[in-house]
Protein chains: 2
Amino acid sequence: MNSLKQIDRGALSDALDHSGQRTTPQRETVFSVLLDERDHPTADEVYTRTKSRMPSISMATVYNCLETLVSCGLVKQVNIEREPTRYCPNLAPHAHFHCRDTGRVYDVPVPAGMMKDLAKVLPGEYSADSVELVFRGHLSKGKKQ
Amino acid sequence: MNSLKQIDRGALSDALDHSGQRTTPQRETVFSVLLDERDHPTADEVYTRTKSRMPSISMATVYNCLETLVSCGLVKQVNIEREPTRYCPNLAPHAHFHCRDTGRVYDVPVPAGMMKDLAKVLPGEYSADSVELVFRGHLSKGKKQ
DNA sequence: AATTTGATTTAGAATAATTCTAAACTAGGT
DNA sequence: ACCTAGTTTAGAATTATTCTAAATCAAATT
């Protein structure tokens, strides 16, 4: 059908079921687009890529599908500096690096438990359920363009 | 004149001079608004507050002044989750906490050098000039509303 | 297999924050 | 006092995203 592997298809319908939502071809295709090219695409980029696999899909549906995938926990939104929201299917705790030259966003692996440990700087009255760490700067030449 | 203290007025005109920009009443007033109530106001909130001190100011000018203050290093933009940009005159390294209940943003002091140390998780080819750390969650009751 | 029903998709309109435009004004040097 | 480039201003334009309401569809039930 679409390019979703059996294992991802299963993860998707489980997650959708689990949150009381339906499996649809549009959701499968959008999810497959995110899994196939993990470069933090914007909704617009997801739309273009999805349209090449499913020409009838609409922008509104892409937004709806992305929101659904976020709500059922399979995808995370990445927001950098008021730029258009990007979407990331990497669920492991990680930081982001935003290149000032290309605008690209890279996942940065972090030591196990580090993200959680960061929350220890919070005074007692704060309780954090999400921790975001974003670096901005430049890449030395040689790195994947 | 406006409510800028002499010391802040000096810092402002120095910073403006230093970046080749002019001191204007609008810039002074916007700066004083940011210094007087450090609750991370949005441009719209800055506009309302500034208008009460200088009724003739326009929204476009508020945006211009904020951009100028950012460009000369006196103010930092704080972006949380695609919400309207907020403005923060706290230049010391610090993290932010975003309350899911009220939407308020709080400065979180961090141990000296911590923000810089975080960049050590970056592989060698990345060089960061800015590090952002944002927590989201809830405040236990009792904390300043 | 047909029916039903609420969820989903869709095109296009609406919204909201921000940026742009170009004309009027002004800070600060001469 | 005069110039001139920088600044302010109102309103239009832009852009990402959300909303609307009608058509379609997934999947539970018969």
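Okay, symmetry of the two protein chains. Turn chain A by 180 degrees, shift it 0.0 Å along the axis, and it lands on chain B with an RMSD of 0.1 Å. The two copies are thus related as by a two-fold rotation axis. If you want to find that axis on the screen, go to Leu133(A): its C-alpha is the one in chain A nearest the axis, at 2.4 Å. And keep in mind that this is a predicted model.

What about the surface the copies use to meet? For chain A, 100% of the interface residues are also interface residues in chain B, so the copies meet through the same surface.

Now the DNA, and I'll take strand C to begin with. There are 19 residues around DNA strand C, and the closest are Arg22(A), Thr24(A), Ser58(A), Thr61(A) and Tyr63(B). What part of the strand is the protein touching? Of the strand C atoms within 4 Å of the protein, 74% belong to sugar or phosphate, and the rest belong to bases.

Let me walk through some individual contacts on that strand. Arg22(A) goes to a base: an N or O atom in the side chain of Arg22(A) is 2.6 Å from a base nitrogen of DNA strand C. Gln26(A) also uses its side chain, with an N or O atom 3.2 Å from a sugar or linking oxygen of strand C. Then there's Ser56(A), where a polar backbone atom sits 3.4 Å from a phosphate oxygen of strand C.

Which elements give two or more residues to this surface? From chain A you have helix H2 (25–36) and H4, and from chain B you have H4. H4(A) gives the most to the surface near strand C, with three residues. By class, that surface has six nonpolar, nine polar and four charged residues.

Okay, over to strand D. Here 19 residues surround the strand, and the closest are Tyr63(A), Thr24(B), Arg27(B), Ser58(B) and Thr61(B). Sugar and phosphate make up 76% of the strand D atoms that come within 4 Å of the protein.

Arg22(A) comes up again on this strand: an N or O atom in the Arg22(A) side chain is 3.2 Å from a base nitrogen of DNA strand D. For Arg22(B), look at the backbone, where an N or O atom lies 2.9 Å from a phosphate oxygen of strand D. Thr24(B) reaches a phosphate oxygen of strand D too, with a polar side-chain atom at 2.5 Å.

As for the elements giving two or more residues near strand D, they are helix H4 (59–71) of chain A, plus helix H2 (25–36) and helix H4 (59–71) of chain B. The top contributor near strand D is H4(B), with three residues. By class, the surface near strand D has six nonpolar, nine polar and four charged residues.

Let's leave the DNA and look at Arg136(B), which is in strand S5 (residues 126–139) of chain B. Is Arg136(B) buried or exposed? It counts as buried, because its relative accessibility is 11%, under the 20% cut-off. So who is around it? Setting aside neighbours within four places in sequence, Arg136(B) is in contact with Ser127(A), Ala128(A), Asp129(A) and Ser130(A) from chain A, and with Ile80(B), Glu81(B), Phe97(B), His98(B) and Arg100(B) from chain B. With His98(B), there's a side-chain to side-chain polar contact at 3.0 Å.

Quick word on cysteines. How many disulfides are there over all chains? The count is zero. Take Cys65(B): the closest cysteine sulfur is in Cys72(B), 11 Å away, and that's too far for a bond. Cys65(B) is also buried, at 3% relative accessibility. Cys99(B) is in no disulfide either, since its nearest cysteine sulfur, in Cys88(B), is 17 Å away. Cys99(B) counts as buried as well, at 1% relative accessibility.

One last stop, over in chain A. Ala11(A) lies in helix H1 (residues 6–18), and it's partly exposed, with a relative accessible area of 35%. Where does Leu74(A) sit relative to it? The two are 63 residues apart along the chain, and their C-alpha atoms are separated by 8.4 Å.

Conventions
Residues are numbered from 1 along each chain as its sequence is written. Chains are lettered from A and ligands numbered from 1 in the order in which they are written. This is a predicted model: local features need pLDDT of at least 70, side-chain atom pairs count only at pLDDT 80 or more; totals for chains, interfaces and linings use all residues. Side-chain values use heavy atoms; hydrogens and water are left out. A residue is near a molecule or strand if one of its heavy atoms lies within 4 Å of it. A polar contact is a pair of N or O atoms within 3.5 Å; within protein, one must be able to donate a hydrogen and the other to accept it, and residues adjacent in sequence count only if both atoms are side-chain atoms. Helices (H or I, at least four residues) and strands (E, at least two) are DSSP runs, numbered from the N terminus. Ala, Val, Leu, Ile, Met, Phe, Trp, Tyr, Cys and Pro count as nonpolar, Asp, Glu, Lys and Arg as charged, and the others, Gly among them, as polar. Buried means under 20% relative accessible area, exposed over 50%, partly exposed in between (1.4 Å probe, protein chains only). Contact means heavy atoms within 4.5 Å. A disulfide is a pair of cysteine sulfur atoms within 2.5 Å. Copies are superposed by least squares on the C-alpha atoms of residues with pLDDT of at least 70 in both.
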